[in-house]
Amino acid sequence: MLLALTACTTRSGESPSEPSPSVSLRATDTGVTPTELRIGVVADVNVAVRPGLFQPAVDGVRAWADHVNAGGGLAGRKVVVDFYDSRLTADGWQNAVLQACENDLAMVGTSAIADSNIAKLADCGIPDLANLTPTEEHSTAPNTFSMLAQRPHRQILGPEKWYLSEFKDKNCCDGVWLDNAATPSALSQAQGFRKGQLQIGFTEARSFSLFGLESDYAPFALAIKNSGATYVRVGTDYNQTVALRREAKIQGVDSVVVWDCSLQCYTPDFLRTGGSDVEGQYVYNYFEPFEEADQYPGIRTFISALKNYYPKAPVNGFSQGAWISGLMFGEAVERTVAARGPDGLTRANLLESLRGIHDFDADGMTGPVDIGNKAEVPCFMVMQVRGGKFVRAYPDKGLNCDPANVVTVE
C-alpha cells in the first residue's frame, strides 16, 4: 500500500504512477488534508531596490511541486504552494512566517534576508526547509534545515583556498570587500566570512559597507586602483558586481587577479547585463554546473521542469536551491510515510524525519551532506566568465568535497 500512496521523482527524473484513489486519507495537521499537502515559500520579491529579488526561488519551488504532482503527488495528495512575500523587511519576514504557520505543513525554499527574528518560526514549530539562511539566528533555528546550512563560527572557504593556491605567484589575495549591509545581521555575516578569509591567508586593503544600490561606484573603483588590490568581492546582488566592474574598467583598474562572486552571480542575467565588462569574473557554486546537465540526470530534470512550467524563470542558483529544498521536503515526506503511513504526516514527524537525513546529495547535484546534523556542504566548483559564457575553471571535473573546505573561524 505504501508504494501506491507515495509519488516522487526518481534519480533518473522519471515519475512513478499515480497513487491509488482507493485508500481514504485523513487531515492530520496544519496544511494536510485528505487531498492536499500545503507548503509555503517565504521570499523577498516585491523589493523597491531590486524588484523580483528572489522570484526565482518561488519559481523553483513551484516547478518542483508541479513536477511532483504530474507524477501523482506525495503521500497520495497534491502539493499546493502558497507564496508569502517577506519584502526584504523584518516585519515582512515575521508576517510571512506567521501566515505559513497558520496555513502550511512546512516552509520550503525560504529566501529572505531580514530573517534574524526567528521567535515566531521557532514557536510554531513549522519545518523550515530553507534555500537561504543569511543570519546565524535563522541558520540555528531548531526547526530550520538547509542544504546550505552554516553553523556558528564555521565558514565554507574551499573556493578561497583555491584562489590563494592557484594565484600565489600573482600575489593573491590582497582584498577589497564591498559587504552587504542591508540589515545588521547581513553585515555581521559578511564580516564573519571576511574574518575567515583573513584567517586562511587573505590580507585586507579596504572594506566598505553597501546599504543598497549605490549611484556612484567611482570611489570604490578608485580605492581598488590606489590600493593595488589583487582580490575583490561584492557580497550583494549581482547588479552591484556589474556596476563595480564597469566603473573599474573606466578607471583603468588592472591589478585585480580575482574578481569573486558566488551563487548570486551564477545566472544568465549576470552575463546579459554585464556583457564584456564582466569577462574574467570568477563565480563559485556548491553544485554541479548547469552547463554539464547532460552528465547529471537530477540537473536535467530540474532544468526541464523549470522551462516546462515557468519558461520565463531563470535557470540560476536561486531557482536550483529552491528546487533542492523541494527535493529535501520530498525525501522527508517519504521517510515519514515509510515509518508511519500516509496519515502520519505531521510537523513533528516531518522534523523527526529531517533529523534522520544524513547523506542527502540533492539528486546527484552535489556530494552527500548531513542535513540532520545541519552540517555545511563542503563541496564546490569554480566557473569563470570567458567569451560571455560560464566556463569550468576548477576542478577539471566534478566537485572538490574536501572536508577541510569548511573552516572553524576563531
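**Figure 1. Strand 1 and strand 3 pair in the parallel sense.** In this predicted model, strand 1 covers residues 36-43 and strand 3 covers residues 106-110. The two strands are joined over 2 bridges. Within this pairing, I39 stands opposite A106 of strand 3.

**Figure 2. Five strands form an open sheet with parallel pairing.** The 5 strands of the sheet follow the order 2-1-3-4-5. Strand 2 (78-85) and strand 5 (144-146) occupy the edges, and each has a single partner strand, so one side of each is left without a neighbour in the sheet. From one strand to the next, the twist averages 25°.

**Figure 3. Helix 2 and helix 12 lie across strands of the sheet.** Helix 2, formed by residues 55-70, lies across strand 1, strand 2 and strand 3. The helix runs at about 170° to strand 2. Helix 12, formed by residues 317-340, lies across strand 1, strand 3, strand 4 (128-130) and strand 5. Relative to strand 3, helix 12 runs at about 150°.

**Figure 4. The largest pocket has a volume of about 1,000 Å³.** Its lining consists of 41 residues, and those closest to the centre are I113, N180, Q189, G235 and Q264. Two or more lining residues come from each of strand 6 (154-156), strand 7 (174-180), helix 7 (184-200) and strand 9 (231-234). Helix 7 supplies the largest share, with 6 residues. By character, the lining of the largest pocket divides into 23 nonpolar, 13 polar and 5 charged residues.

**Figure 5. The second largest pocket has a volume of about 330 Å³.** Of the 19 residues that line this pocket, E136, Q155, S188, Q189 and G192 lie nearest its centre. Helix 5 (136-139), strand 6 and helix 7 each give two or more residues to the lining. The largest share, 5 residues, again belongs to helix 7. The lining of the second largest pocket comprises 3 nonpolar, 10 polar and 6 charged residues.

**Figure 6. Helix 7 contributes to the lining of the largest pocket and to that of the second largest pocket.** Q189 is among the residues closest to the centre of the largest pocket, and Q189 is also one of those nearest the centre of the second largest pocket. Strand 6 gives two or more residues to the lining of the largest pocket and likewise two or more to that of the second largest pocket.

Methods
Residues are numbered from 1 along each chain as its sequence is written. This is a predicted model: local features need pLDDT of at least 70, side-chain atom pairs count only at pLDDT 80 or more; totals for chains, interfaces and linings use all residues. Side-chain values use heavy atoms; hydrogens and water are left out. Two strands pair if DSSP finds at least two bridges between them. Helices (H or I, at least four residues) and strands (E, at least two) are DSSP runs, numbered from the N terminus. Axes are lines fitted to C-alpha atoms, for helices over the stretch in contact, and angles run from 0 to 180 degrees between N-to-C directions. Contact means heavy atoms within 4.5 Å. On a 1 Å grid over the protein atoms alone, a cavity is a set of points where a 1.4 Å probe fits but cannot get out, and a pocket is an open set with protein on both sides within 12 Å along at least five of seven lines; lining residues have an atom within 4 Å of a point. Grid points are joined across faces, edges and corners, and a volume is the space filled by probe spheres set on the points. Ala, Val, Leu, Ile, Met, Phe, Trp, Tyr, Cys and Pro count as nonpolar, Asp, Glu, Lys and Arg as charged, and the others, Gly among them, as polar.
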